[in-house]
Amino acid sequence: MIFGRTINKYYKKYFYLFLLGFVSLVAVDYFQLEIPTLTGQLIDGLETQRFTQTDLLGLVSQLAIIAGVIVVGRFLWRYGIIGASRNIEYDIRNEMFTHSLKLSNDYYSHKKVGGLMALYINDLEAVRRTMGPGMIMTVDAIFLGLLVIYRMARLDLQMTFLVVIPLSTIAIAGTILGNKMRKRFKDSQKAFEDLSDFVQESFSGIGVVKAFVKEQLELRAFLKTNQNTKDKNILFVRMQVILQILVQSVVSIVIILTIILGASRINETAGSADPFTVGNLVEFAGYFGLLVWPMMALTMIIRMRSQGKASLERIDELLYHPVDVYDHADVLALDSLQGSITFNHLNFQYPDGESLALKDISFHVEAGQTVGILGRTGSGKTSIVDLLLRIYNVENGTLLLDGHDIMDIPLQTLRESFGYVPQDGFLFSDTIKNNIALGLKEEPETQYIEDVARLSDVHDNIQEFKYGYDTIIGERGVTLSGGQKQRVAIARALAKNPPILILDDSVSAVDTATEEKILRNLKTTRQGKTTIMIAHRISTVKHADLIVLIDDGKVAATGTHTDLMKTSELYQHMVDQQTLEQEVESV
């Protein structure tokens with residue numbers, strides 16, 4: 001049994017199940033103790049030939065009733081305690097996932113998928129075992145153990161004393177080894193986390209591995225990581241084996257001691273008024289047999305508790321990691337946005353950055369305008385998108401939407417007002433239809449999905465697939481080409497029909513003709529709605545109402561294409577350079 005702020009509330013929530021389990025378990029333990037008693041009576045009765053057939057049938061009937069009670073009781077304590085532990089596992093996993101969704105990109109930039117999956121599977125299972133089987137063993141170790149010792153003492157106090165002392169060494173050794181086992185288990189879990197990370201990355205990048213003929217290199221790296229996992233687990237199992245060998249050795253010694261002492265007591269008390277009979281020895285041995293389980297359970301409790309406590313600490317690191325992007329208490333009561341955007345001398349630095357990513361950014365976008373954000377790689381274009389979606393916090397008054405400080409706008413309202421097409425066009429392993437309909441609150445008509453797919457010029461490609469829009473694409477859309485992924489992602493954003501649409505270099509993987517077709521469709525369908533296009537190519541933003549040129553995290557120039565051709569040397573240089581590249585490619 002373990003305690004902590006993560007699980008204490010669930011003990012209260014499922015108190016009725018734990019109570020049912022405890023009562024049933026105690027009843028089973030109590031009735032189990034009657035079996036050695038009745039067995040001893042049976043042997044003494046048969047030995048002295050004082051048993052009648054009626055007495056024998058009575059004992060058998062009692063044993064049958066006890067067996068029935070034990071069967072029902074074992075079902076009830078499993079239903080209660082094991083059922084409660086499964087419910088708690090389910091609730092904690094939901095709590096973990098809910099909290100994970102609230103954590104910012106900064107958290108995930110430092111955590112790997114394999115490590116997080118280990119928390120959801122291995123660590124949570126270790127906690128569940130501690131709360132389920134571990135709790136059962138704890139009750140047995142305490143209640144059954146004490147009751148057995150009491151009954152053994154009633155039969156013969158001296159023998160009980162001599163038997164219990166060796167067994168107590170198990171508890172002492174278990175306490176000493178417990179802390180070491182917890183450290184070993186944490187190391188083994190960390191090794192499993194590293195192995196999961198490696199395998200996940202290798203399979204996600206399997207195409208790159210094959211393209212560069214690095215299969216053997218990956219195999220050697222995997223063998224090294226797998227060996228480390230094996231070594232860490234062996235160290236942990238070694239501690240378990242040492243404890244188990246100690247327990248089994250002590251139990252074997254005590255069994256021999258019980259037989260010797262019992263035979264001696266029978267001889268010593270033969271003919272006395274209160275003899276120690278063969279039946280008493282059988283009863284005492286039966287009690288000792290019941291006592292072995294609590295002692296064994298004690299070692300298992302130590303091991304499980306060590307595992308559960310170590311895993312709970314790892315889970316707590318996730319559950320209590322602070323959420324830094326959230327709604328403040330005094331957010332505005334807004335249902336939607338119109339689309340005007342104002343950057344007001346904004347500065348921004350990533351949490352793990354050493355310098356400002358954006359420096360004194362200032363420009364204004366009217367609702368309904370088409371805006372192009374242009375700049376070299378690493379100039380800060382995507383950082384602007386991160387801030388518009390409030391992936392990170394900004395200083396008050398530096399970023400306004402419809403005249404409202406972005407920090408005062410509810411996150412749900414803010415993000416529902418945006419349609420976003422990221423650079424990588426991330427898609428889920430689902431049907432193409434469901435990927436396009438991701439941002440919709442209700443099930444859309446097939447015709448609507450096809451219409452937005454035509455706007456992104458991907459409908460004909462989808463029709464070529466065997467199952468059309470019901471085609472299930474691979475993980476991250478791996479079964480689609482780069483251009484198809486981008487166009488499906490554009491269709492997904494268009495299906496939402498948001499007040500503000502952001503395309504982050506979203507047509508870089510398509511040819512010029514396809515790009516022009518998509519841009520024409522956007523111009524037609526996005527009338528009166530704000531559209532922000534981040535690009536490297538001049539052709540993508542050439543006809544925008546406003547072009548914002550970003551260089552080294554600063555606004556280098558703003559204006560239309562015509563304006564910038566007259567006023568910005570950097571823009572002119574970019575135009576000349578791209579024109580030259582196009583001429584070279586056309587030769």
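Student: What order and what pairing does the open sheet of four strands have?
Tutor: In this model, which is predicted, the four strands follow the order β2-β1-β4-β5, and their pairing is antiparallel.

Student: Why do β2 and β5 stand at the edges?
Tutor: β2 (358-365) and β5 (404-405) each have a single partner strand, so one side of each is left without a neighbour in the sheet.

Student: What makes β1 and β2 a pair of strands?
Tutor: Two strands are taken as paired if at least two bridges are found between them, and β1 (residues 341-348) is joined to β2 by five bridges, the two strands running antiparallel. The pairing therefore meets that cut-off. One residue-level case is leucine 346, whose bridge partner in β2 is isoleucine 361.

Student: Which helix lies across β1, β2 and β4?
Tutor: Helix α12 (residues 381-388) does, with β4 covering 399-401, and α12 runs at about 115 degrees to β1.

Student: What is the order of the open sheet of six strands, and which strands are its edge strands?
Tutor: The order is β6-β7-β8-β3-β9-β10, with mixed pairing. The edge strands are β6 (418-421) and β10 (554-559), each of which pairs on one side only. From one strand to the next, the twist averages 15 degrees.

Student: How many bridges join β9 to β10, and which residue is the bridge partner of aspartate 551?
Tutor: Five bridges join β9 (residues 546-551) to β10, and the two strands run antiparallel; the bridge partner of aspartate 551 is lysine 554 in β10.

Student: Why does leucine 549 count as buried or exposed?
Tutor: Leucine 549, which is found in strand β9, has a relative accessibility of 0%, and buried means under 20%, so leucine 549 counts as buried. Leaving aside residues up to four places away in sequence, leucine 549 touches a set of residues including Leu374, Val555, Leu570 and Met574.

Student: What makes arginine 129 and glutamate 125 a salt bridge?
Tutor: The cut-off is a side-chain nitrogen of Lys or Arg within 4 Å of a carboxyl oxygen of Asp or Glu, and for these two side chains the N to O value is 3.8 Å, so the pair qualifies. Both residues lie in helix α6 (residues 113-131), four residues apart, about one turn of the helix.

Student: Why is arginine 129 called partly exposed?
Tutor: Its relative accessible area is 25%, which falls between the limits of 20% for buried and 50% for exposed, so the intermediate label applies. Glutamate 125, at 22%, is partly exposed by the same reasoning.

Student: Where do lysine 441 and glutamate 416 lie, given that their side chains meet in a salt bridge?
Tutor: The N to O value for this pair is 3.6 Å. The pair links distant parts of the chain, with lysine 441 in the loop between α14 (432-436) and α15 (446-455) and glutamate 416 in helix α13 (residues 411-416), 25 residues apart.

Student: Why is lysine 441 called buried or exposed?
Tutor: Exposed means over 50%, and lysine 441 has 72% relative accessibility, so lysine 441 counts as exposed. Glutamate 416, with a relative accessible area of 33%, is partly exposed.

Notes
Residues are numbered from 1 along each chain as its sequence is written. This is a predicted model: local features need pLDDT of at least 70, side-chain atom pairs count only at pLDDT 80 or more; totals for chains, interfaces and linings use all residues. Side-chain values use heavy atoms; hydrogens and water are left out. Axes are lines fitted to C-alpha atoms, for helices over the stretch in contact, and angles run from 0 to 180 degrees between N-to-C directions. Buried means under 20% relative accessible area, exposed over 50%, partly exposed in between (1.4 Å probe, protein chains only). Contact means heavy atoms within 4.5 Å.
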